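This report introduces a protein model to a reader who has not met it before. Please look over the sequence and the structure first; the description follows.

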Amino acid sequence: MGIKYLVLIILATLSLSVDGRPVSYPGGYTLMTRSDNFQNSIYLHYSPSYKYAIGVEGKKDKLVDEHYSLLRLTYLINRKNTDNSQRNLYFQTGYSLDSSDHSFFGIHGDWETRRYFMGFDLKKVESKNQDYFEQQYQIGFAPYLGEYDDLHTWIMLKSRKNSITDKTSTYPYLKLFKGNYLLELGYNGNSDWDFHFMHRF
């Protein structure tokens with residue numbers, strides 16, 4: 001069975017019966033824009049429940065030099081809260097809305113305390129021209145612990161690799177968030193700026 005049929009089956013199944021805690025929050029929208037050496041994209045998703053989000057992404061894929069749109073799903077597989085930390089594991093998938101025949105699936109996980117953060121993102125992308133695998137790892141710490149309404153700062157290190165170039169790129173970046181806004185900014189001298197902005201409303 002091709003990935004496009006698997007994606008459609010999963011989207012249909014999960015939209016019929018889900019429960020849990022929000023990807024955003026029930027009834028919430030999230031707008032994200034990202035630009036790095038892999039892609040330029042803008043993504044809007046809606047969370048009908050606390051467990052999953054459905055959205056649409058417009059994307060320029062720099063690895064295969066194509067523009068396309070995706071219907072996307074993010075589903076919370078598992079979350080573990082303790083007194084001092086939270087761990088999350090998500091399934092992500094998408095299927096092209098146009099004739100470009102693009103699709104992807106992957107997993108995303110993270111673990112964090114108020115002071116430390118670790119995360120990963122693994123993704124298989126399929127297209128009519130070239131399939132590839134993408135991986136990303138992050139680690140970081142907060143230099144200070146702010147109150148709920150404060151500006152929160154994380155100093156991070158990101159490492160990325162894809163199966164097309166088969167080269168690893170590792171570089172520092174800064175993560176800032178306050179309320180419903182998040183900004184990530186990094187740069188590697190051998191690649192483009194890494195920029196990510198998110199707003200929840």
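## Strands, cores and a buried arginine

Within strand β10, Tyr 171 is the bridge partner of Lys 158. The model in which this pairing appears is a predicted one. Lys 158 is also the partner in β9 of Gln 138.

These bridges belong to a wider arrangement. The protein chain contains one helix and 12 strands, and the helix stands ahead of the strands when the elements are read from the N terminus. The strands form a closed barrel that runs β1-β2-β3-β4-β5-β6-β7-β8-β9-β10-β11-β12, with antiparallel pairing. On average, and with direction ignored, neighbouring strands of this sheet are turned by 20° against each other.

The table lists three of the antiparallel strand pairs.

| First strand | Second strand | Bridges |
|---|---|---|
| β8 (residues 132-141) | β9 (residues 152-162) | eight bridges |
| β9 | β10 (residues 168-178) | 10 bridges |
| β11 (residues 181-187) | β12 (residues 193-200) | seven bridges |

In the hairpin of β9 and β10, five residues lie between the strands, and Asp 166 takes a positive phi near 55°. In the pair of β11 and β12, Glu 184 has His 196 of β12 as its bridge partner.

Strand β9 also holds Arg 160. Is Arg 160 buried or exposed? Its relative accessible area is 4%, and because buried means under 20%, Arg 160 counts as buried. The side chain of Arg 160 makes a polar contact with the side chain of Asp 36, at 2.9 Å. Leaving aside residues up to four places away in sequence, Arg 160 touches a set of residues that includes Asp 36, Asn 37, Phe 38, Glu 134, Thr 168, Tyr 171 and Asp 194. Tyr 171, the bridge partner of Lys 158, is thus named again among the residues that Arg 160 touches.

Phe 38, another residue touched by Arg 160, is part of the largest nonpolar core, which has eight residues. The other members are Leu 63, Val 64, Tyr 68, Leu 70, Phe 104, Val 125 and Tyr 132. Apart from this core lies another of five residues, among them Phe 117, Ala 142, Trp 154 and Tyr 173.

Some totals describe the chain as a whole. Of its 201 residues, 44% count as buried. Among contacts with a separation of 6 or more, 40% come from residues 24 or more positions apart. The protein chain exposes about 10800 Å², and carbon and sulfur atoms supply 57% of this area.

Definitions and conventions
Residues are numbered from 1 along each chain as its sequence is written. This is a predicted model: local features need pLDDT of at least 70, side-chain atom pairs count only at pLDDT 80 or more; totals for chains, interfaces and linings use all residues. Side-chain values use heavy atoms; hydrogens and water are left out. Two strands pair if DSSP finds at least two bridges between them. Helices (H or I, at least four residues) and strands (E, at least two) are DSSP runs, numbered from the N terminus. A nonpolar core is a set of buried Ala, Val, Leu, Ile, Met, Phe, Trp, Tyr and Cys residues joined through side-chain atoms within 4.5 Å. Buried means under 20% relative accessible area, exposed over 50%, partly exposed in between (1.4 Å probe, protein chains only). A polar contact is a pair of N or O atoms within 3.5 Å; within protein, one must be able to donate a hydrogen and the other to accept it, and residues adjacent in sequence count only if both atoms are side-chain atoms. Contact means heavy atoms within 4.5 Å. Axes are lines fitted to C-alpha atoms, for helices over the stretch in contact, and angles run from 0 to 180 degrees between N-to-C directions. Accessible areas come from the Shrake-Rupley method with a 1.4 Å probe; for residues, only the protein chains shown count as cover.
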